[in-house]
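Q: I'd like to learn how to read a protein-DNA model one feature at a time. Can you walk me through it?

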Protein chains: 4
Amino acid sequence: MARPRSEEARRKALAAAADLVIERGVGAFSIEEVAARSGVAKSTIYRHWPERAALIIDTARATFEHVVTPDTGSLRGDLAAYTAAMVRADLSTGRSAQLMPAIIDAANRDPEIATLVDRLKDEREQPICTMVARAQTRGEIPADLDIRVAVGTLIGPIVFRKLIQRQLIDQPYVDGCLDVVVAGLHTLAASAPTPHRTA
Amino acid sequence: MARPRSEEARRKALAAAADLVIERGVGAFSIEEVAARSGVAKSTIYRHWPERAALIIDTARATFEHVVTPDTGSLRGDLAAYTAAMVRADLSTGRSAQLMPAIIDAANRDPEIATLVDRLKDEREQPICTMVARAQTRGEIPADLDIRVAVGTLIGPIVFRKLIQRQLIDQPYVDGCLDVVVAGLHTLAASAPTPHRTA
Amino acid sequence: MARPRSEEARRKALAAAADLVIERGVGAFSIEEVAARSGVAKSTIYRHWPERAALIIDTARATFEHVVTPDTGSLRGDLAAYTAAMVRADLSTGRSAQLMPAIIDAANRDPEIATLVDRLKDEREQPICTMVARAQTRGEIPADLDIRVAVGTLIGPIVFRKLIQRQLIDQPYVDGCLDVVVAGLHTLAASAPTPHRTA
Amino acid sequence: MARPRSEEARRKALAAAADLVIERGVGAFSIEEVAARSGVAKSTIYRHWPERAALIIDTARATFEHVVTPDTGSLRGDLAAYTAAMVRADLSTGRSAQLMPAIIDAANRDPEIATLVDRLKDEREQPICTMVARAQTRGEIPADLDIRVAVGTLIGPIVFRKLIQRQLIDQPYVDGCLDVVVAGLHTLAASAPTPHRTA
DNA sequence: TGTTAAGCGAGACGGTACGTCGCGTCTTAAT
DNA sequence: ATTAAGACGCGACGTACCGTCTCGCTTAACA
């Protein structure tokens, strides 16, 4: 019955928030500044996002919007395509690399934010699960492989380097990690044959 | 001619800072609260640490104090001992898992802090480098292996799970990751023999 | 085609406003709260009263609705009846005593409100003027008495005690003040005979 | 042991507060504006005064600083001098006339402020009490006169005209009121002789 | 073995941002 | 056309910490 929330206000605030993060870092991120830049009143921002952290999260979410799930026929090929896209679209921009620590920090002390962060995490990891499942169907990797291990060994090294070590991610690094992990998975698959292969 | 800085003040402030993080999380961490709890005056804290982030870093540093560099004769054994100690002493307590994002966030916008964080990082990764070097000497893994890849694939999955995914680290997960990575490294070493082995 | 302004909305809003003032004081008075309590939409309230202060005034006006103009044959008698009614119906409830300062404060900075307040004031003082005029006709008090002085000395002490001193008004106080002022007026009438008396 | 509160900050804030009230009225009075004008930080203002109203009160208090207690030998003379000073120093400036309603409004809803206001009131009324006592000693007015009645009839008409009616106070009005009230008091003293006079 | 400069606790200071509240205006759907 | 509902821009509220700066007091190294 009342006026609907202004989509324009939301859009303008998010855009200003993203700009602000890029220009001056998460540390300089403040609702007041977002309000000043966007022309959206502070109270309106608080109507849309209950607190600072929620706006940061929504700002970050856009980063993961275009995650792909390639299907090249081989795990190595899928991963190469996936990581290439990830590096290109996401980590290499430096945006999520700056946003994520702040977000995780916020999640560590606010369960509600933690929920949102978990959702964000699932969105990002879903492609890996799909690729791993396909590889398992093809018998490339052990059918009983713990999916957590798959995700951890495949994404872990890359995310670790970017977010924790705060280093650039170059192609040799990514290739080297994939070489190691894919070789390991293949070796395990051969030595502990899956039902599919033993058939 | 002047009185030396009170080591007791430093100790009390650090202890109160650690307690505060454990009890109420990084979010509740503030110089004012540390001063109130420790009985050390705010001005004294600022005399010892130039700013908030520096105290957080020093609080975190204690966490990595007891990192070990085991020497069991095999890469797998070394890693098992190392990760066990890491899990036990550090990540499993939840302390560094909360501190690190805050620290990294600070480092992302303050180069001086970044320097401190890099030092922290090196301290933690040094054992891995040592273990990898020994394994290379033994011919267990490729001699030309990029050390960054070694560190990334070995620590990455664990740190990723703890800090980014904010999940508990259990032994099956650690074992699974080590299985994959060590198998990969061994396979690569076999298929692309090192100079040492081919000799 | 148009619906007339809802008299019910007006009534409900006024009632809620009065309740709110009585229960929680003028300080807690807000349009938002009146809207919430009355079920009348905020926009509707603004259609009936152009601003906060106007609603406060209307809320106060009800207080003076039943002011009487007694005619007992003597000034002392008239005043006794008048003040008794005033004390009973108005000041003793504590309502106007709380509303008036807020209203006057509003009037001090908004001329439009000042106009409304002046009207309110005139309504209240009219009976005094009537009673004084009758007393002058009877020769009880000086014919050339400044009406402002009459009003001031007669109402002033009572209003002063209630609004400025924020004290209860008891009968001895009222009687004492009337004794002094009426005695003074009679004395002046005797010593400086009015045209009426000298005739 | 700590640094003492800055008297300069207090002084500058009070001065800015007074200026603000005079220029734009109590309605436009805000801590933020006082901070901006005075150059004293908002947080410092809140260190000195717990809330808006407290600063308003202190701003008003200055108004009554120079209240006199004349001793001319007659009640009429004392009152003339006293009211002249009051009119000159206080009400005529328009400052307290604007401040008082706001203060009283604040007192109506905050007991702590009410206490401060009561103190303010006592300070202002003390001279009246002294003058009345002297007049009683001289036998000018009834020895058993209720002091509340004395204060009410003497100040009430003036304060009423200024604060409630929001009118200018001119000399004829003051004189007229004093004529009435002093005449009344003398008459009562004559008709109900004090012990002193009967001696 | 005083002296004295620094360390210390306490906390005031100028700031910035927080998240809340109320204002008065406005848009929307329903009646 | 009026209403209920509530979003909007605006601006002040009072709070929490930041990092800096006096204050007196205490204390260890030097003279």
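Q: Let's begin at the DNA: which element gives the most to the surface near DNA strand E?

A: Keep in mind that this is a predicted model. With a surface like this, you go through the helices and see how many residues each one supplies. Here α3(D) comes out on top, giving 5 residues to the surface near DNA strand E.

Q: Which elements each supply at least two residues of that surface near DNA strand E?

A: The list runs over four chains. Chain A supplies α2 (31-38) and α3 (42-48), and chain C likewise supplies α2 (31-38) and α3 (42-48). From chain B and from chain D it's α3 (42-48).

Q: And down at residue level, which of the residues around DNA strand E come nearest?

A: Go by distance to the strand. There are 46 residues around DNA strand E, and the nearest are B:A2, B:S6, D:A2, D:S6 and D:T44. You can also sort the surface by class: 18 residues are charged, 16 nonpolar and 12 polar.

Q: Now a single chain. How many helices and strands does chain A have?

A: Start with the secondary structure count: chain A has 10 helices and 0 strands. Reading from the N terminus, you just meet α after α. Then look at packing: 42% of the 199 residues of chain A count as buried. For the fold, check sequence separation. Taking the contacts in chain A with a separation of 6 or more, 65% are between residues 24 or more positions apart.

Q: How many residues does each chain bring to the contact between chain A and chain B?

A: You count each side on its own: chain A brings 39 residues and chain B brings 39 residues. On the chain A side, α6 (95-109), α8 (147-164) and α9 (171-191) each give two or more residues. By class, that side of chain A has 20 nonpolar, 11 polar and 8 charged residues.

Q: What rotation superposes chain D on chain C?

A: To read symmetry, look at the angle and at the shift along the axis. Chain D goes onto chain C with a rotation of 180 degrees and 0.0 Å of shift, at an RMSD of 0.2 Å. That's the relation of a two-fold axis. The same surface serves both copies, as 100% of the contact residues of chain D recur in chain C.

Q: Which residue of chain D comes closest to the rotation axis?

A: That's D:G184, whose C-alpha is at 1.7 Å.

Q: And how many residues does the contact between chain D and chain C take from each?

A: It takes 39 residues from chain D and 39 residues from chain C. On the chain D side, the elements giving two or more residues are α6 (95-109), α8 (147-164) and α9 (171-191).

Notes. Residues are numbered from 1 along each chain as its sequence is written. Chains are lettered from A and ligands numbered from 1 in the order in which they are written. This is a predicted model: local features need pLDDT of at least 70, side-chain atom pairs count only at pLDDT 80 or more; totals for chains, interfaces and linings use all residues. A residue is near a molecule or strand if its C-beta atom, placed from the backbone, lies within 6 Å of it. Helices (H or I, at least four residues) and strands (E, at least two) are DSSP runs, numbered from the N terminus. Ala, Val, Leu, Ile, Met, Phe, Trp, Tyr, Cys and Pro count as nonpolar, Asp, Glu, Lys and Arg as charged, and the others, Gly among them, as polar. Two residues are in contact if their C-beta atoms, placed from the backbone, lie within 7 Å. A residue is buried if 20 or more other C-beta atoms lie within 10 Å of its own, exposed if 12 or fewer, and partly exposed in between; C-beta atoms are placed from the backbone. Copies are superposed by least squares on the C-alpha atoms of residues with pLDDT of at least 70 in both.
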